Amino acid sequence: MSLASDSYYMFLRWMKKLVRNPILLFFSLFQPIIFLVLFTQLFSSFGLLLGGINYTIFATAGIVLQNAFSSAFQSGTAVVDDIKSGFLTKMLATPASRASILLGRLLSDAFRVFAQSLIILVLAYGLGVFPVTGFIGYVLILFTVAFFGLAWSGISLALGLRTKSAETVFGIAGTLTFPLLFMSTALMDKRLMPEWMKSVSAYNPISFAVNAIRDLIMIGYNWNSFLLSFGVISLIAILTMGATIYEFRKVVS
Amino acid sequence: MPAVQVENLVKTYGDGTQAVKGISFKVDDGEFFGFLGPNGAGKSTTIKILTTLLRKTSGSANVAGLEIEHDAQKVRKLIGVQMQDTVIDEDLTGRENLELQGHLQQMHGEELKERVNELLKVVDLGDAADKRSAYYSGGMKKRLDLASTLVHRPKILFLDEPTTGLDPQSRAQVWSYLKGLNQTGMTIFITTQYLEEVDRLCRRLAILDHGEIVAQGSPSELKSEIGADRITLALENGNTGTGSLKDKAKQVLGGLGGITEIVDSDEGIVVYAKNGGFLVPDIVRAFDTAEIKLSSIGVSSPTLDDVFLKHTGRRIRPEEIDKSRASGMFGRRRR
C-alpha cells in the first residue's frame with residue numbers, strides 16, 4: 001500500500017533531519033529541562049501550600065506537556081522550509097500519495113514528542129518523580145503526550161501552510177505558549193488561582209491533558225479524567241487536522 | 001504518439017492574470033525540445049501544468065498520450081521534473097536523496113540500490129555519495145538534483161532552466177548529460193537562457209512571449225526565416241545613445257535601401273539586411289552626413305539570439321536573469 005510506505009519514507013526523512021540537527025532538539029528540550037531542574041526548586045515552597053507535597057512531582061505533568069507543544073510548533077516552520085525550497089513541489093511531482101506528506105510529518109512529530117517526553121521523565125525519575133501507576137502509567141503518559149503533540153502540530157502546520165512564513169509561525173507560537181501554560185493547571189493547582197483564572201483554566205485544553213497525566217503520576221488510575229482528556233485532545237486534533245488538510249489542499253492544488 | 005501535445009492551453013490565475021493564452025504545440029517522442037521566452041512569458045506556468053503541478057484553465061494537454069489531469073498519477077510515473085532552483089534535501093546524503101526519490105516513485109530493494117549506484121556514477125558523485133549534500137558545491141548539488149529526477153527512468157524529462165546560475169564548466173557538464181540522455185531515447189523538454197546550446201542540441205524549439213507562441217520550428221528554419229545579416233550599431237553617446245539621437249539615427253537608416261528591419265536593442269540599434277556587408281559603407285556615409293557618431297559597427301550572420309530578438313523585441317541575457325532571480329526570489333512566482 002503506497003500510503004503506508006510513502007508515509008514511512010517521509011517519516012524517515014524527518015527523523016534523519018532531526019538527528020542531524022541536534023540544535024533543534026536542544027531548543028525544544030532546554031526550556032522544559034530548565035523548568036524541571038530550576039523552576040521547581042525556586043517554587044518548591046508551593047508544595048507546602050498544596051498540602052505538603054513535592055512540587056517537582058506536581059509540576060512534572062505540566063512540564064512534559066510544555067515540551068510537547070514547544071516541539072510541535074516547530075512542525076509548521078519545517079513545512080515552510082519545504083515550500084520555500086521547492087522540496088514540496090518536488091514531492092508533488094512524484095506519484096507519492098499526497099496524504100503521506102502530511103502523515104509522515106505528523107508521525108515524526110508524535111514520535112519526537114514521545115522520545116523527548118521519555119527523556120524528561122527519565123530526568124524526573126532522577127529527581128524522585130515516578131508515577132504511582134508504574135510502567136503502565138509511563139506508557140499511558142507518553143501516549144497521551146504524543147497524541148497531544150500531534151493535535152498541537154496541526155496548529156503550526158495550518159499556520160505554516162497558510163502564511164508560508166516561519167517568522168509568523170514562531171511569533172504566534174511564542175506568543176501563545178506562556179499565556180496558555182500559565183492559565184492552565186500545568187504549574188499550579190486550581191485551588192490557588194484567582195477566581196477569573198480558575199474559570200479560564202477550567203476550559204483550557206492544556207488543563208485537561210495535564211490533569212490526566214498528573215492523576216497517573218500522583219493518584220492512580222482516574223479513568224474519568226483520562227477519557228475526558230482524550231476526548232478534549234481528539235476534539236483539538238479534529239479541528240487542527242481539519243484546518244491543516246484544508247490549507248494543504250490549497251497549497252497542493 | 002507525441003511525447004507532449006498541447007492544444008489551446010490557457011492558464012488564468014486567480015487574480016485575473018492570463019499567463020498562458022491559448023498555446024498549441026507538439027513534441028515528438030525522443031525529441032530534444034527547447035521552450036524559450038523572456039521572463040514572465042509563461043514558460044514556468046506551462047511546465048507546471050504539463051508536470052501536473054498546476055491545473056490548467058482550459059484547452060487540452062497530453063503527456064505520453066495521457067490526459068494530464070485525468071491521468072495525473074500515471075503521468076507522474078513517466079516524467080522527471082527539474083525545477084528552476086536546485087532542490088535537494090541538504091540534511092540528507094547524495095545517496096539518501098536519490099533513494100528517497102526512488103521510494104516516492106515506488107521503487108524499492110535491490111533494484112533501487114543498483115539504480116542509485118549507477119546514477120551516482122553517471123553524475124560523478126560516487127565519492128561524495130555518503131556525504132551530506134549540504135557540503136556539496138553548487139555544481140554537485142545541481143548534478144544530484146538532476147540525478148534525482150532520473151531514478152525511475154522517466155520517458156520524458158522536463159527541465160526548467162537547469163543550468164542557470166552554474167559556472168561554465170558545470171553548465172557544459174549538465175548539457176552533455178542531457179545530450180547523452182536524449183541519445184538513449186529520452187524526450188527532453190527544456191527551458192533555458194543559453195541559446196548556443198539550444199542551437200546545438202535542440203531539434204526543435206518554440207518561443208513564447210506574453211503567453212503566446214510567437215515562433216516554432218527547428219533552429220535552422222528559424223534562423224533562415226530572418227533571411228538577413230545582422231548589423232549592430234553602437235552610437236557614441238554611451239552604449240545605447242539618448243532617445244533623440246537614437247530616433248535621428250533610425251530616421252537616417254530608414255532612408256537607406258536594402259534594410260529589412262530596424263530593431264532597438266540594449267547594445268544600440270540592430271539592422272537586418274540582405275548582404276549586410278555591402279551596406280556598411282552606406283551606413284557610415286549617411287551617419288557622417290547627419291553628424292551622428294558611431295562607436296562601433298559589426299556584421300554577423302543571424303543566430304538564435306536574432307530570432308529571439310525579432311520575435312520578442314528582447315535579448316536573452318543569462319547574467320542579468322541571474323541577478324533578477326536573486327533579488328526577486330520570493331515575489332516573483334505566482335501561485
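**Group meeting: the A–B interface and two cavities**

Okay, let's start with the contact between the chains: chain B and chain A bury about 2,500 Å² between them, and carbon and sulfur atoms give 57% of that area. Keep in mind that this is a predicted model. I'm quoting area here because the size of an interface is often given as the accessible area lost when the parts come together.

So who's touching whom? In residue terms, 26 residues of chain B are in contact with 26 of chain A. For polar contacts, the count between the two chains is 13 residue pairs, with both partners at pLDDT 80 or more. On chain B's side, the elements giving two or more residues to the surface that touches chain A are α2 (72-78), α3 (94-104) and α5 (138-148). The largest share comes from α3(B), with six residues. If you sort chain B's side by class, you get nine nonpolar, nine polar and eight charged residues.

Now, salt bridges. The rule finds six of them across the interface of chain B and chain A. Here's one to click on: Asp91(B) pairs with Lys17(A), and their closest N and O atoms are 3.0 Å apart.

Right, on to the holes. How many cavities of 30 Å³ or more turn up in a search of the whole structure? Two.

The largest has a volume of about 110 Å³. Its lining residues include Met10(A), Trp14(A), Leu88(A), Ile101(A) and Phe248(A). In chain A, α1 (2-20), α5 (74-85), α6 (87-92) and α7 (98-126) are the elements that each give two or more residues to that lining. By class, the lining of this largest cavity is nine nonpolar, no polar and three charged. The charged ones, if you want to find them on screen, are Arg13(A), Asp82(A) and Arg105(A).

The second largest cavity holds about 90 Å³ of space. What I like here is that both chains show up in the lining: Lys90(A), Ala93(A) and Thr94(A) from one, and residues including Gln101(B), Gln105(B), Ser148(B) and His152(B) from the other. Which strand gives the largest share of that lining? That would be β6 of chain B, residues 79-82, with three residues. By class, the lining of the second largest cavity comes out as four nonpolar, seven polar and one charged, and the charged one is Lys90(A).

So, to put the two linings side by side: nine nonpolar and no polar residues around the largest cavity, against four nonpolar and seven polar around the second largest. That's my bit, thanks.

Methods:
Residues numbered from 1 in each chain as written. Chains lettered and ligands numbered in written order. Predicted model: local features only at pLDDT ≥ 70, side-chain atom pairs only at ≥ 80, totals over all residues. Heavy atoms only, no water. 1 Å grid on protein atoms, 1.4 Å probe; cavity = no way out; pocket = protein on both sides within 12 Å on 5 of 7 lines; lining within 4 Å. Points joined across faces, edges and corners; volume = space filled by probe spheres on them. Helix = DSSP H or I, 4+ residues; strand = E, 2+ residues; numbered from the N terminus. Contact = heavy atoms within 4.5 Å. Buried area = accessible area lost by both parts, 1.4 Å probe. Salt bridge = Lys/Arg side-chain N within 4 Å of Asp/Glu carboxyl O. Polar contact = N/O pair within 3.5 Å; in protein donor to acceptor, adjacent residues only side chain to side chain.
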